[in-house]
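Reader: Could you take me on a close look at the aromatic pair in this model? I would enjoy one connected walk through that part and what surrounds it.

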Amino acid sequence: MEKKTPLSRIVTYQNLGFLAVILLCYLDELLKLPSLIFSGHPFAFMYRRSTLEMLLFLAIWLLVSKSTRRLLERVRHLEGFLRVCAWCRRIDCKGEWMRLEDFMQQGFDTPTTHGICPQCLEKQNEAIQRAKRARQSEGAAG
């Protein structure tokens, strides 16, 4: 049995609200509530008017429902991101913060090792060369 999430409850409440509005509009016209409340003069049931109102509500309902579903899909997508600590690079896995290596081994059953990508290697080599030149220029000046 699928567990209802708070996001699916939003769609349920939205649909129930639209159904209630449509039902109230239809009952209002069917029971002639305005004539019962404001006067003793009954008037004829106008099927065209109530049908037009219901079609208008259905069109709005479909537009709102489509927009709500798109927004909820976006929220679910954003909630699915993997959170990584910006300082220590630990991963948030089901409320527990663990090292990246542990996460990879647990989630993918893949052993990990460390390496350096070509871009970072080039940056590090440039930094080493700058440090050597700076040290040499300090030694020559001193």
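**A close look at the aromatic pair**

Author: Happy to. Buried residues make up 13% of the 142 residues in the protein, and this is a predicted model, so please read the values below as computed ones. The protein has 5 helices and 3 strands. Starting at the N terminus, their order is α-α-α-β-β-β-α-α. Among contacts with a separation of 6 or more, 42% join residues 24 or more positions apart.

Now to the part you asked about. The structure holds 1 aromatic pair. The rings of F18 and W61 have centres 5.9 Å apart, and their planes meet at 5°. The cut-off for pairing is 6.5 Å between centres, and planes under 30 degrees apart count as stacked, so F18 and W61 make a stacked pair. The pair links distant parts of the chain, since F18 belongs to helix α1 and W61 to helix α3 (residues 47–79), with their positions 43 residues apart.

Are these two residues buried or exposed? F18 has a relative accessible area of 16%, and W61 likewise has 16%. Buried means under 20%, so F18 is buried and W61 is buried.

Staying with helix α3, we find S65 there as well. S65 is buried, because its relative accessible area is 12%. Leaving aside residues up to four places away in sequence, S65 touches Q14 and N15.

Helix α1 covers residues 6–30, and Y26 has its place in it. With a relative accessible area of 31%, Y26 is partly exposed, whereas F18 is buried. Y26 also belongs to a nonpolar patch on the surface, together with L23, L27, L30 and L31. The accessible area of this patch comes to about 420 Å². As for the protein overall, about 12300 Å² is exposed, and carbon and sulfur atoms supply 62% of that area.

Beyond the aromatic pair, let me turn to the charged side chains. A search of the whole structure finds 2 salt bridges. One of them joins D92 and R83, whose closest N and O atoms are 3.0 Å apart. Its two partners differ in cover: D92 is buried at 18% relative accessible area, while R83 is partly exposed at 48%. Another salt bridge brings together the side chains of D102 and R99, at 3.3 Å from N to O. Here D102 counts as partly exposed at 33% relative accessibility, and R99 counts as partly exposed at 40%.

Finally, a word on the cysteines. The count of disulfides comes to 0. For C85, the nearest cysteine sulfur belongs to C88 and lies 3.6 Å away, and C85 is in no disulfide. For C120, the nearest cysteine sulfur is that of C117, 3.4 Å away, and C120 is in no disulfide either. A disulfide needs sulfur atoms within 2.5 Å, which is the cut-off to keep in mind for these distances. C120 itself is partly exposed, with a relative accessible area of 36%.

To return to your request: the stacked rings are those of F18 and W61, and they link helix α1 with helix α3.

Terms used: Residues numbered from 1 in each chain as written. Predicted model: local features only at pLDDT ≥ 70, side-chain atom pairs only at ≥ 80, totals over all residues. Heavy atoms only, no water. Patch = residues over 30% accessible without salt bridge, like charges linked within 9 Å, V, L, I, M, F, W, Y side chains within 5 Å. Areas by Shrake-Rupley, 256 points an atom, 1.4 Å probe, with all protein chains shown as cover. Salt bridge = Lys/Arg side-chain N within 4 Å of Asp/Glu carboxyl O. Helix = DSSP H or I, 4+ residues; strand = E, 2+ residues; numbered from the N terminus. Buried < 20%, exposed > 50% of the residue type's maximum accessible area, 1.4 Å probe, protein only. Phe/Tyr/Trp six-rings, centres within 6.5 Å; stacked < 30°, edge-to-face > 60°. Contact = heavy atoms within 4.5 Å.
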